[in-house]
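Please find below some notes for a colleague who will be working from these coordinates. They are set out as numbered points and are best read with the structure open.

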Amino acid sequence: MILDSYDPLKQEMFNVIDDNGKVVNKDYEPDIDNETLINMYKTMQLARIADVKALQYQRQGRMLTFAPVKGQEGAQVGPMAAAEDDDWLVPSFREMAAMLYKGVPLKQLYLYWYGNEQGSKFEQNVMPVNVPIGSQINHAAGIAMASSIRGKNQVAISFIGDGGTSHGEFHEGMNFAGVYDAPMVTIIQNNQYAISTPRQMQSKSETLAQKAISYGIPGIQVDGNDPLAMYAATKEALNRARAGKGPTLIEAVTYRQGPHTTSDDPSIYRSEEEVKNWQKKDPISRFRKYISNKKLWNKEKDEALQDEYKDFVKETFKAVEKYPTPTVDEVFDYTYAEMPKTIKAQKEAYKAYLKEREGE
Amino acid sequence: MAEKTLLKAINEALSQEMERDDSVVVYGEDAGYEGGVFRVTAGLQERFGKQRVFDTPIAEAAILGSAVGMAANGLRPVPEIQFSGFMFPGYNQIAVHMARMHNRSRGKYKMPITIRMPYGGGVRALEHHSESLETLFAHLPGLKVVIPSTPYDAKGLLTSAIRDDDPVVFMEGKRIYRAFKQEVPDDAYTVPLGKANIVQKGKDITVVAWGPILHEAKKAIDSLKDEDFSVELIDLRTISPIDTDTIIESVKKTGRFLVAHEAVKTLGIGSELISRVNEEAFFHLEAQPTRVSGHDITVPLPRGEHHHIIDSGRIAHEIKRVATFE
Ligand SMILES: Cc1ncc(C[n+]2csc(CCOP(=O)(O)OP(=O)(O)O)c2C)c(N)n1
């Protein structure tokens, strides 16, 4: 059992492949079918290309503020590949790769960051982007409890940052889920920073995984840039959850290669050299080497995929730019399930005003 | 004296009060090393050291709860909440302790805390970065609420807030942080809390606004300069406690009243001002007191935000309607 074999108090970190994609932990190499491996790789690539492109669009003044995922794709795609379709994804705000793996169309994600609420409506079991730090952990606990109460087999997988673990809501949600053995897996993406604040400033705990001990649940530190290790650890946690044994806490040790958001200037608080060192552990290139070693992938396929995705991303963004801006009805009509009379009156008065203004 | 932005004026007030009184401490998420996400606290850690200016874990309850403890034990904390929309986890500490500790302890524990927070929309920001939540603070007895609209007032009001022995929520309209500059004295000075400012004298209608919306109101009034009525514009400056006297005196003169705010309509500060006008100047009124405000909706994301945030056009429209009502 992986979860029993790595002690967070001894800072033992679980990985499967090294920086060159070579398997260094044969015992725990997950048995993943080829199709899934390719799908994992493709999703990471799509997320990367969409992310890099969105940053360009933002710099050109075409995209609004968004939170780049670059560098964290492996920490997200590994867990989602281990999950079942019916499981829930309860994201924070940097989970583009996880959401894409779940089947959320890129168009939706772009539309959200483009400033349109229509981009928050998903067909999948995926909650909308969650901005208030920590609060999603309690939603995940509730989703997991509902799964138990309704006799479903779903697990709630939630994501949070290293900074988020400082929050009361993180603690309350983890503790709560623990009490009810709720089927929940929480992934901490320890990307080393919360905006400008380094990981060591968030907690005196040597690892974030060790916080699990106080909730009486398993906690494990995983190489978050190793998608296979993330897959394997999550798989075990999901099995535990489905067997009624309660939540698991996984700390994915990773790195945010880009800015916190497009409004952030990371040069204030970290060195180029540090970024370069982490780029050597890039999850996508590690995983590419792994599937190439397995003869599932090669340079030609990679170039073709990149070309395909670049075009796809461009077309998707163009469609988003053409998407109609929200109407007056849209900004009012979802406030309540059924519109109260007074809100309707406000809407009509505002429409009348706009009409008058047009006529002026 | 030099021209300064609102942001610079706030930074200067913080710096000078820290210099003047070594019990003043400044802290918040990213407020130390980086100087805050807007750089309002830039340079303070370098100047006053890590013990008095520091970064915190992401924990608003701890940021504001620890301020209560620090105040009880002799400090004068000036915590920053990164955006007003994230104050909710800390609201518990404000409501259940900070605002009532003085009363609870029969005056033993004063709470000389100033909570700074950027607020308001108009900068095409993400969800929870655009709300105007002043009502939620003004509804708590024991707490003061201040919103500056100019660099000059920002420096003077913040200085007063820090020196004040009661807890003050100091809300900074982020869209006017760097929007314009104004002559601001280099030395420390105070602008009194609890005192509104008559920005422009007029005879026919009283308009009250604050923060970024004050500038929309000014624009609205400028656009109406050819009309045959004149407008008295009042900057409320302190949202709680309200300077009723200045407003009532003005309404008794003009007989007409309009309040403009960005916050949602229901129970916005406008509701309170209109109640006071009705209570104290009812027989002087020539038109119904009116508010122009955000709608009772969730603040839309940027693509729909313009439908919610009032602009000079909407304010001018209402000023004209109320001023010419017969
Ligand atoms: C309750 C709350 N407080 C403050 C913020 C402002 N804020 C947005 S992101 C962020 C840092 C988050 O860091 P971390 O949890 O490590 O996640 P990361 O951004 O690194 O993915 C902060 C403080 C917020 N969104 N919510």
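**Notes on helix packing, the ligand site and backbone geometry**

1. In this predicted model, helix α3 (residues 60-72) of chain B packs against helix α4 (residues 88-98) of chain B at an angle of about 25°, and their axes are 6 Å apart. Since angles under 35 degrees are classed as roughly parallel, α3(B) and α4(B) are therefore roughly parallel to each other. The crossing in which α3(B) passes α4(B) is right-handed.

2. A second helix pair in chain B consists of α9 (residues 244-254) and α10 (residues 269-281), whose axes come within 10 Å and cross at roughly 60°. That angle falls outside the ranges for roughly parallel, roughly antiparallel and roughly perpendicular, and α9(B) and α10(B) are therefore oblique to each other. The crossing of α9(B) and α10(B) is right-handed.

3. Where does the ligand lie with respect to the chains? The ligand is placed between chains A and B, and of the 20 residues around it, those that come nearest are A:Arg94, A:Gly163, A:Gly164, A:Tyr193 and B:Glu60. By residue class, the shell around the ligand divides into nine nonpolar, seven polar and four charged residues.

4. Several polar atom pairs deserve inspection at this site. On the chain A side, a backbone N or O atom of A:Val131 lies 2.9 Å from a nitrogen atom of the ligand, while a backbone N or O atom of A:Tyr193 lies 2.8 Å from an oxygen atom of the ligand. From chain B, an N or O atom in the side chain of B:Gln82 is 3.4 Å from a nitrogen atom of the ligand. Taken alone, the ligand exposes 580 Å², and the protein buries 95% of that area.

5. Two backbone features should be checked individually, given that most residues other than glycine have a negative phi and most peptide bonds are trans. A cis peptide bond, with omega about -5°, joins B:Ser240 and B:Pro241, and B:Pro241 lies in the loop between β12 (238-240) and α9 of chain B. Helix α9(B), which follows that loop, is the one that crosses α10(B) at roughly 60°.

6. The other feature concerns A:Gln11, a residue other than glycine whose phi is positive, near 55°. A:Gln11 is located in the loop between α1 (2-5) and β1 (13-14) of chain A.

Key. Residues numbered from 1 in each chain as written. Chains lettered and ligands numbered in written order. Predicted model: local features only at pLDDT ≥ 70, side-chain atom pairs only at ≥ 80, totals over all residues. Heavy atoms only, no water. Near = heavy atom within 4 Å. Polar contact = N/O pair within 3.5 Å; in protein donor to acceptor, adjacent residues only side chain to side chain. Areas by Shrake-Rupley, 256 points an atom, 1.4 Å probe, with all protein chains shown as cover. Nonpolar A, V, L, I, M, F, W, Y, C, P; charged D, E, K, R; others polar. Axes fitted to C-alpha atoms, helices over the stretch in contact; angles between N-to-C directions. Helix = DSSP H or I, 4+ residues; strand = E, 2+ residues; numbered from the N terminus. Parallel < 35°, antiparallel > 145°, perpendicular 65-115°, else oblique. Left-handed = near helix turned anticlockwise from the far one by under 90°.
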